[in-house]
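Please open the structure in your viewer and keep a selection tool at hand. The stops below proceed from single residues to sheets and then to the whole chain.

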Amino acid sequence: TNISEIDIPETVTSIGAYAAQDTKISQAVFPSSFKYVPEGFFCNCKNVTSIDFLSSAFTGLRNACFSGCSITDLDFSKTNITYIGDYAFGGCESLKTVVLNKNTTYLSGFNNCPNLEHVEFTDKITAIGQSAFKDDENTTFSAIPDSVYQVYSMAFQNSGITQAVFNTTNDSPGISTYAFAKCKKLSRVALPERLNTIASGTFLDCSLKSITVPNAVTTVGDYAFEGSLIESVKIGKNSSLKYIRETAFANCVNLTSFTIPKNAWTVYKNAFCGDINLKTVIVNSPNVNFNENPFSLSKGDEKACCISKIYGYEDSSAKYFAEKMGIEFALISDMTDYPDSDEDYASTNKGTWENGTWVYDENTERLLIKGSGVLSSTFKNANGTEISIVNYLSGKELNNIVICEGITGVADDVFYSE
């Protein structure tokens, strides 16, 4: 059709999806009763270059309503639109700038916008929708506001986001599947404290190097971190983590150590498949179920392991697994090295002494001391302040003290307290 403008009469109360798709219209006048632009209405209408024709009655945009249009700039601050549906402006290749309404609550709809320069989030957004910024590799983003507690599937997949720090206090936050998958610029993530699940594919094939798993998380989903650059996974002593699903950390070739927490129930097959540099696996759960072989060298070859040694407790499932797979087993109490690099420990749990360093590892409840020569009583915290190691340990749960190779003796009264 060659119609360029549609004036819809007041008697119309509903319009079907994609009603004007692929036409040459550039604008439309809707009945005053309409609060949302109908789903897909202007989809692939290349003559639509702005939304200025929308009346102030509109408060929202349904899914895909302007997808594939020729819009270059959007300023919602001049409108009453606070809801932007999924794919609303998807594939708008000319779109460069977006200014949001300060009262925006649901934000989505800008997937496949290769020229979108920057998104400045506003502080009333509670949810970021499905595929909201998917494949926007060149887009930069402001900090995620504290108001956001839901991020839907593929919201930032393959986008230019660099940081995703969540400070929401909502009781039921959620981050859905593939939310940050293939994000090659992602360098920092802080997950919501009350997050229950790290969903399937959340950080698949992304550049993130470290993550702290909140204590509330019970499940790490299938391929959650598969193929990522992750080097450090920090899991607290009081973690609720029960399930590490299939291929959750598969092909994470930079991962060198991992601690399975004491409340873990099941680690599924291929969970750490292909992690060829995973040298230290500590199993704090004595009865965790290893479903087939979580540490397979490759998918489909479950007889070979990518690890050579596992630490656990006597008469534990970890020991049985090691014997079954023909890999070395050692007791946690016999470990003579730090499970993680010194830098990975909280500043309150590490320090120095005259000829070396010390670390208190919360997960294994051990004090590990490295260095050379005779161990003196001069201990310092990470800030360089001299401390009494005995007083420090008085508030900690302690299974054992490990003095590592290189220390030749222990001076008088190092661990003595009157």
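Select Val119 first: in this predicted model, Val119 has a relative accessible area of 4%, and because the cut-off for a buried residue is under 20%, Val119 counts as buried. The residue belongs to strand S9, which covers residues 118-119. Display its surroundings next. Apart from residues up to four places away in sequence, Val119 touches Phe133, Thr139, Thr140, Phe141 and Ser142. For a distance label, pick the C-alpha atoms of Val119 and Gln163; the two residues are 44 positions apart along the chain, and these atoms are separated by 13 Å.

Move on to Ile327. Where is Ile327 found? Ile327 lies in the loop that connects helix H1 (317-325) with strand S28 (328-331). Ile327 is buried as well, at a relative accessible area of 14%. Once neighbours within four places in sequence are set aside, the contacts of Ile327 are Cys305, Ile307, Ser308, Ile310, Phe321 and Ala322. A second distance label can join Ile327 to Ala304, 23 residues away along the chain; their C-alpha atoms are 9.7 Å apart.

**Parallel pairing**

Select strands S16, S18, S20, S22 and S24. These five strands make up an open sheet in the order S16-S18-S20-S22-S24, with parallel pairing. Strand S16 (197-198) and strand S24 (289-290) are at the edges with a single partner strand each, so each has one side without a neighbour in the sheet. Within the sheet, zoom in on strand S20 (residues 243-244) and strand S22 (residues 266-267), which run parallel and are joined by two bridges. Ile244 faces Val267 of S22 as its opposite residue.

Strand S17 (residues 210-213) is the next selection. Which of its residues form the covered face, and which the uncovered one? Ile211 and Val213 are on the covered face, while Ser210 and Thr212 are on the uncovered face. Add strand S19 (residues 232-235) to the view: S17 and S19 pair in the parallel sense over four bridges. Here Val213 is opposite Ile235 in S19.

**Mixed pairing**

Now select S34, S33, S29, S30, S31 and S35. These six strands form an open sheet in the order S34-S33-S29-S30-S31-S35, and the pairing is mixed. Its edges are strand S34 (386-387) and strand S35 (400-403); each has a single partner strand, so one side of each lacks a neighbour in the sheet. For an antiparallel pair, inspect strand S29 (residues 350-353) and strand S30 (residues 356-361), joined by four bridges. Lys350 has Val359 in S30 as its bridge partner.

**The whole chain**

Finally, zoom out. The protein has two helices and 36 strands. Its radius of gyration is 27 Å, well over the 22 Å given by the globule rule for 418 residues, so the protein is more spread out than a compact globule. Along the principal axes, the C-alpha atoms fill a box of roughly 90 × 50 × 30 Å.

Colour by burial: 49% of the 418 residues count as buried. A surface representation shows an accessible surface of about 18600 Å², with 44% of it belonging to carbon and sulfur atoms. Among contacts with a separation of 6 or more, 38% are between residues 24 or more positions apart. As a last selection, take the charged residues: the 32 positive and 48 negative charges have mean positions 3 Å apart.

Note on methods
Residues numbered from 1 in each chain as written. Predicted model: local features only at pLDDT ≥ 70, side-chain atom pairs only at ≥ 80, totals over all residues. Heavy atoms only, no water. Rg over C-alpha atoms; globule rule 2.2 N^0.38 Å. Buried < 20%, exposed > 50% of the residue type's maximum accessible area, 1.4 Å probe, protein only. Contact = heavy atoms within 4.5 Å. Areas by Shrake-Rupley, 256 points an atom, 1.4 Å probe, with all protein chains shown as cover. Lys, Arg positive; Asp, Glu negative; His and termini not counted. Charge placed at Lys NZ, Arg CZ, Asp CG, Glu CD. Pairing = 2+ DSSP bridges.
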